[in-house]
Amino acid sequence: MGRQLFELIELENNTRLYREVMRLHQIGVIGRWCLVLSLWLTIGSASLWSLRKTFGFMLDYFTWAALRYGLRYHFLAAMGLGLCVGMTLAVLMWQSRNIIRGLPQMEQRKLVDQVLKIRRQGDSHPLWLWVCQGKKAC
């Protein structure tokens, strides 16, 4: 525990590395939300479109049998909606944990290692411009 605390203090004292780690984390957050958005725009919209008649019927006469029928006989649409809802909830839980409790030590260590790897590889790495912001920063 003492070594981890020392590494965290060392990371916060090195402000350039800390900023780069936070930028990499922010890129990860944006990437996860872009994945969720693309899932909803592709699979989610196709699933909702295939269930449009079932939803229209359920608006008139909502019963649990109608819901079961819609999800049972439109299995692929139900799986698509389940995937979209599941990914959305997973990203929400992950980001809520990071906001409330902070980044776990293991995740911080992985981010630091990844930033150091990006620095070593230089401008040939695809994330170098976003993390290091040009040659002068690294």
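# Reading a core, a contact and a patch

Modeller: Welcome! This is a predicted model, and a good place to begin is its largest nonpolar core, made of 11 residues: Leu17, Val21, Leu24, Leu103, Leu111, Val112, Val115, Ile118, Trp128, Val131 and Cys132.

Colleague: Which elements give two or more residues to this core?

Modeller: Three helices do: α2 (15–50), α6 (105–121) and α7 (128–132). Helix α6 provides the largest share, with 4 residues.

Colleague: Let me pick one core residue. What is Leu24 in contact with, leaving aside its neighbours within four places in sequence?

Modeller: Try finding these partners in the structure: Leu111, Gln114, Val115, Ile118, Leu127 and Val131.

Colleague: Now a polar example, please. Where is Glu107 found, and which side chain does the side chain of Glu107 make a polar contact with?

Modeller: Glu107 sits in helix α6. Its side chain makes a polar contact with that of Arg97, at 3.0 Å. Beyond residues up to four places away in sequence, Glu107 touches His25, Trp94, Arg97 and Asn98.

Colleague: Let's go to the surface. Which residues form a nonpolar patch there?

Modeller: Phe75, Leu76 and Met79 form one, and together they have about 380 Å² of accessible area. Leu76 belongs to helix α5, which covers residues 75–101.

Colleague: Does Leu76 count as buried or exposed, and why?

Modeller: The idea is to compare relative accessible area with a cut-off: exposed means over 50%. Leu76 has 71% relative accessibility, so it counts as exposed.

Notes. Residues numbered from 1 in each chain as written. Predicted model: local features only at pLDDT ≥ 70, side-chain atom pairs only at ≥ 80, totals over all residues. Heavy atoms only, no water. Patch = residues over 30% accessible without salt bridge, like charges linked within 9 Å, V, L, I, M, F, W, Y side chains within 5 Å. Areas by Shrake-Rupley, 256 points an atom, 1.4 Å probe, with all protein chains shown as cover. Salt bridge = Lys/Arg side-chain N within 4 Å of Asp/Glu carboxyl O. Buried < 20%, exposed > 50% of the residue type's maximum accessible area, 1.4 Å probe, protein only. Core = buried A, V, L, I, M, F, W, Y, C linked by side-chain atoms within 4.5 Å. Contact = heavy atoms within 4.5 Å. Polar contact = N/O pair within 3.5 Å; in protein donor to acceptor, adjacent residues only side chain to side chain.
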